[in-house]
Amino acid sequence: MVLALYWLPSFAWATEPALQLHGFASQALVWTSDNRFFGDSPDGSLDFTELGLNGSWRADPRLLLATQVLVRRAGEMSDATPWLDYALADATLVSAPTHRIGLRMGRIKNPIGLYNETRDVPFTRPGIFLPQVVYFDRVRNMMLASDGLMFYGERYTDLGTFSATLGAGLPLLDANVEWNYLLDDHDGELEPEHPVPLLSLWYADPAERLRLGLSGAAMHSRFDPGSEAAIGAGNLDIRYWLVSAQYNAANWTLAGEYAHILIDWRHFRPEADRHHAIQTGWYLQAAYRLSPAIELMLRYEEGDADRRLGDLHLHCPASDHSRIWVVGTRWDLGRRLMLRLEYQRHHGGFTLSYRENPPGDGVVEDWDLFAAQISLRF
């Protein structure tokens, strides 16, 4: 049936196949008054580096192939090993003046929130760092993409555009996921039990100024311990919901999102057979464009969680919450070069990676962050 739909007549196709190659590079300096964030930041860290190469080929008016390889250094969380961010085929099955239906297959960016599908490129982020209470860099690869397929559709009406994406894919579980949810890189393997269902619903008004969205995913994984693991076999389930809103005007943009995350640990230890935790995070963000080249940004974030695995692990109260004020500026030096400065005032350590700040080290509750970044695209 999918193949039959693919060959249906279509409207407004591009007339020529196109090959496009692009890339970007960025380097940041990160300093914190306390705690480690993207490297040994209290001493000033240069361990936030990105180099990406991407390409797309319109093999047919209805078929687009796209891929990106990223070299990313992010403190202890990423060591600059080349990583396949995405590699997909996007087939438009039906296209008409009033609607469009398509299918994506391969390693696909997860359609979560306002920024997840564009978080890999420095120029498309609202700041040097995304709101960490919603878009966790400490488990970036798991959030960014999955291996599977997704159907998407758009409906164009006088009231605006309604769009939906529904799919399933295997999540990308690395050592950062174990550090964040199991508090260590244990001897053993954490693997998905089955593909993760994903849902994304969006509305945009006719002028495309207002955007409203709902995104969700549900992951079920199993840990199989090795001979030296400190925990037994168990299951880790995560359900993630995100509500999004954005308004764009001529010179300013307002955005806000709220995340609700339910985490369930089962069978890791007989003494604590099951444990639930709820994480919530939200932010409000305003950006004002002083000129086409200069933008100012102000954001407030809150995040709260019970990050214990039962009562058997070290627990730092300061890591259960974050209250963050962020101010930043962006300066575009032409089309290809961008400079950014950002200051953050933190109360709490909810956004910190356990890999960089192990539970036994403790977290300083009130701390500052300053970052500067230079980015190039080509």
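**Figure 1. Tryptophan 252 is partly exposed, with a relative accessible area of 34%.** The model shown in this and the following views is predicted. Tryptophan 252 lies in strand 12. Partly exposed here means between 20% and 50% relative accessible area, so tryptophan 252, at 34%, falls in that class.

**Figure 2. A nonpolar patch on the surface includes Trp252.** The other members are Tyr247, Leu254, Tyr288, Leu290, Ile294, Leu296, Trp331 and Leu333. Together, the residues of the patch have about 800 Å² of accessible area. Four strands each give two or more residues to the patch. They are strand 12 (252-269), strand 13 (272-291), strand 14 (294-305) and strand 15 (321-333). Patch residues need over 30% relative accessible area; tryptophan 252 has 34%.

**Figure 3. Lysine 109 and aspartate 120 meet in a salt bridge.** Side chains of opposite charge can pair when their charged atoms come close. Here the N to O distance is 3.1 Å. The pair links distant parts of the chain, eleven residues apart. Lysine 109 sits in strand 5 (residues 99-109). Aspartate 120 belongs to the loop between strand 5 and helix 2 (140-144). Both residues are buried.

**Figure 4. Aspartate 137 forms a salt bridge with arginine 119.** The closest N and O atoms are 3.2 Å apart. Both partners lie in the loop between strand 5 and helix 2. They are 18 residues apart and link distant parts of the chain. Buried means under 20% relative accessible area. Aspartate 137 therefore counts as buried, at 10%. Arginine 119, at 3%, is buried as well.

**Figure 5. Five residues are linked in a network of salt bridges.** Arg119 and Asp137 belong to this network. Glu50, Arg72 and Arg125 are its other members. The search of the whole structure finds 21 salt bridges.

**Figure 6. Arginine 323 forms a salt bridge with glutamate 302.** The closest N and O atoms are 3.7 Å apart. This pair, too, links distant parts of the chain, with the two positions 21 residues apart in numbering. Arginine 323 is in strand 15, and glutamate 302 is in strand 14. Strands 14 and 15 also give residues to the nonpolar patch. The two partners fall into separate accessibility classes: arginine 323 is partly exposed, at 26%, whereas glutamate 302 counts as buried, at 18%. The cut-off for buried is under 20%, which means that glutamate 302 qualifies and arginine 323 does not.

Terms used. Residues are numbered from 1 along each chain as its sequence is written. This is a predicted model: local features need pLDDT of at least 70, side-chain atom pairs count only at pLDDT 80 or more; totals for chains, interfaces and linings use all residues. Side-chain values use heavy atoms; hydrogens and water are left out. Patches are made of residues with over 30% relative accessible area and no salt bridge: like charges are joined within 9 Å, nonpolar side chains (Val, Leu, Ile, Met, Phe, Trp, Tyr) within 5 Å. Accessible areas come from the Shrake-Rupley method with a 1.4 Å probe; for residues, only the protein chains shown count as cover. A salt bridge is a side-chain nitrogen of Lys or Arg within 4 Å of a carboxyl oxygen of Asp or Glu. Buried means under 20% relative accessible area, exposed over 50%, partly exposed in between (1.4 Å probe, protein chains only).
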